[in-house]
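Me: Let us examine this structure by question and answer. Please display it before we begin.

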Amino acid sequence: MTRKIQILDTTLRDGEQSPGASLNTREKLIVAKQLVRLGVDVIEAGFPFSSQGDFRSVEEIGHLVGDKAVVCAFARAKEEDIDRAAEALSTAKRPRIHTGVGVSSEHLRYKLRLTEDECVERAAACVRYAKRLVEDVEFYAEDAGRADLGLLLRVVQAAVDAGATVINIPDTTGFCLPEEYGARIAAIMDGVRGIEDVTVAVHTHDDLGMATALALAGVRNGATQVECAINGMGERAGSAALEEVVTAIHMHGDALDAHTNVHLRELMRTSRLVSRVTGMNVQANKAVVGANAFAHSSGIHQDAVLKERTTYEIIDPAEVGAVGSEIILSARSGHAALRHRLSELGYTFADDEFEEIYQRFLEIAEQKKEVYDEDLESMVQEHSREVDAVYTLNALQIQCGDPLVPTAVATITDELGERHVVSATGTGPVDAAYKAIDNVVMIHGDLEEYAVKAITRGIDAIGEVVVRVRAADGMVYTGRGSDNDVIVASAKAYVNALNRTITTQRSQENA
Ligand code: KIV
Ligand code: ZN
């Protein structure tokens, strides 16, 4: 039997640090639920000290996940961070605190202003402190990829002696070559007393496009936990992509002496869901989950694949869930059929909420002959965006054409229930709609990116719009909206981005 590799998913912590990808608690719960279905071992659910929203998300994810996975909360090596993490984890059946300190000379000198001895002491102290609050304490040695190896070994030894259960060796800046990083893991496996009793984790970033290769080099040299994120989300260029890591381990299990418990068939759906809720599109040529990952274009390839799929495909698309479901609902489908299909997709609702979903389903089904899984996923996520809305777009009327002046009339309800009917003209229909919305939501944001795509097949496909808006605080907020009408989808996406701006700013004020 090969070694079991634990998969720590950090989509909701490191992944959410991708610019513009912040999620509300409800969206995080949807992702966490899917991560459980995917079979990850550990869910890093957030950084409770950073905001009230993160605190609440960790608390609710702990509640939701029960004993199906370890729920981990991030904390810097500060008592107030660690206290807050432990508090948020009070609902978790299997809580873990992830704390640590920077160890490279860049971090010690410029960020932390610590000597090497102080760094070793701080490592031991944060683990000891966290250990008083929970049993399972993961220690990270930030920027270990660039650290002096002697210091790294001392810091890791101190953390192990203080009782850490997991030692995380991040290549925070994605700097290493895979062999170099693997050699660091080997040096730790050889040079730290008691390391055989703890789990060694790899946490890698993609700054040089090698995050997955780095993670696998770590596994080859003794690591038994990989930290990764769906679609490779994460700071800057992102993290090791979970779908790549687990598929590579699946295909090269013997060579790596490794296996995971991840259900590969859930990969595609998880990728789609995360892309949709975060607003981060997956590039078409992305390994395993990209739209072109199993597409063959040239005549030579097509001919060969038709003769024998394995000539150009090393992965069976069905194995990673890349083959669509045949279940298609229509306006004739009743409550039971919709409820059944939604639960297969991982969504369950209380009766009153389900009724709202069903009514929306009927609206879509009346406009489209067939409602596909992608429509259902979009509809449910649209619903989750509405629940936390400060402003809700109730109606939008547009007049445009040549030679008309594009004019929008929008009806918007605020959180106090007051309805506002506003109008504006613009250079085009979307511009007019956004100007009308700005007349009610007084926190105008600059539109940095606007993208529209069809989620499903055919001329009656639901259109999805993703916008990135830069608010006055300099932060970028992503908004998404979907509708059969792309102008309405555009307006919903803009309102969604403004709602996110307001709720994030409020939660920071309350933190
Ligand atoms: O990349 C990193 O070093 C991290 C940690 C702080 C664990 O995300
Ligand atoms: Zn990271």
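Me: In which loop does Arg-236 lie?

Reply: This is a predicted model, in which local features need pLDDT of at least 70 and side-chain atom pairs count only at pLDDT 80 or more, while totals for chains, interfaces and linings use all residues. Residues are numbered from 1 along each chain as its sequence is written, chains are lettered from A and ligands numbered from 1 in the order in which they are written, and side-chain values use heavy atoms, with hydrogens and water left out. Helices (H or I, at least four residues) and strands (E, at least two) are DSSP runs, numbered from the N terminus. Arg-236 lies in the loop between S9 and helix H9 (242-251).

Me: What is the phi of Arg-236?

Reply: Arg-236 counts as partly exposed at 46% relative accessibility; buried means under 20% relative accessible area, exposed over 50%, and partly exposed in between (1.4 Å probe, protein chains only). Most residues other than glycine have a negative phi. Arg-236 is not a glycine, yet its phi is positive, at about 50°.

Me: Where is Asp-257 found?

Reply: Asp-257 is a residue other than glycine with a positive phi, near 50°. Its relative accessible area of 32% makes Asp-257 partly exposed. It is found in the loop between helix H10 (253-256) and strand S10 (258-259).

Me: What is the omega of the cis peptide bond that joins Asp-402 and Pro-403?

Reply: Most peptide bonds are trans. Pro-403 is found in the loop between strand S11 (392-399) and S12. The cis bond between Asp-402 and Pro-403 has an omega of about 20°.

Me: Which residues are the protein donors of the zinc ion (ligand 2)?

Reply: Donors are N, O and S atoms within 2.8 Å of the metal (3.2 Å for Na, K and Ca); water is not among the atoms, so sites may look incomplete. The donor residues of this zinc ion follow the spacing D-x188-H-x1-H. Two of the donor residues join distant parts of the chain, 191 residues apart: Asp-14 in the loop between strand S2 (6-9) and H1, and His-205 in the loop between strand S8 (199-204) and helix H8 (211-220). At 1.9 to 2.1 Å from the ion, the protein donors are Asp-14 (OD), His-203 (NE2) and His-205 (NE2).

Me: Why do the buried residues of H2 lie on the same side of it, and what arc do they cover?

Reply: The buried residues of helix H2 are Asp-54, Phe-55, Ser-57, Val-58, Ile-61, Gly-62 and Val-65. An α-helix has 3.6 residues a turn, so residues three or four places apart point the same way. The buried residues are on the same side of H2 because their arc around the axis (taken from the directions from the helix axis to the C-beta atoms) is only 165°.

Me: Which elements are included in what covers the buried residues of H2?

Reply: Helix H2 (residues 52-65) has 14 residues and is followed by Gly-66, whose phi is positive, near 55°. The cover over its buried residues includes helix H1 (25-38), strand S3 (42-46), strand S4 (70-76) and helix H3 (79-88).

Me: Which residues have the most contacts inside the largest nonpolar core?

Reply: A nonpolar core is a set of buried Ala, Val, Leu, Ile, Met, Phe, Trp, Tyr and Cys residues joined through side-chain atoms within 4.5 Å. The largest such core has 116 residues, and helix H5 (residues 116-131) gives the largest share of it, 8 residues. The residues with the most contacts inside this core are Phe-139, Ile-167 and Ile-169.

Me: How far apart in space are Val-226 and Leu-8, C-alpha to C-alpha?

Reply: Val-226 lies in strand S9 (residues 225-228) and is buried, with a relative accessible area of 0%. Among the residues it touches (heavy atoms within 4.5 Å) are Ile-7, Leu-8, Val-202 and Val-245. Val-226 and Leu-8 are 218 residues apart in sequence, but their C-alpha distance in space is 6.0 Å.

Me: Are Arg-276 and Glu-377, which meet in a salt bridge, buried or exposed?

Reply: A salt bridge is a side-chain nitrogen of Lys or Arg within 4 Å of a carboxyl oxygen of Asp or Glu, and here the N to O distance is 3.5 Å. Arg-276 is in helix H11 (residues 267-278) and Glu-377 in helix H15 (residues 373-387), 101 residues apart. Arg-276 and Glu-377 are both buried.

Me: How far apart are the closest N and O atoms of Glu-415 and Arg-506?

Reply: Glu-415 is partly exposed at 46% relative accessibility, and Arg-506 is partly exposed at 35%. The closest N and O atoms of their salt bridge are apart by 2.6 Å.

Conventions. The expected span of a helix is 1.5 Å times one less than its number of residues.
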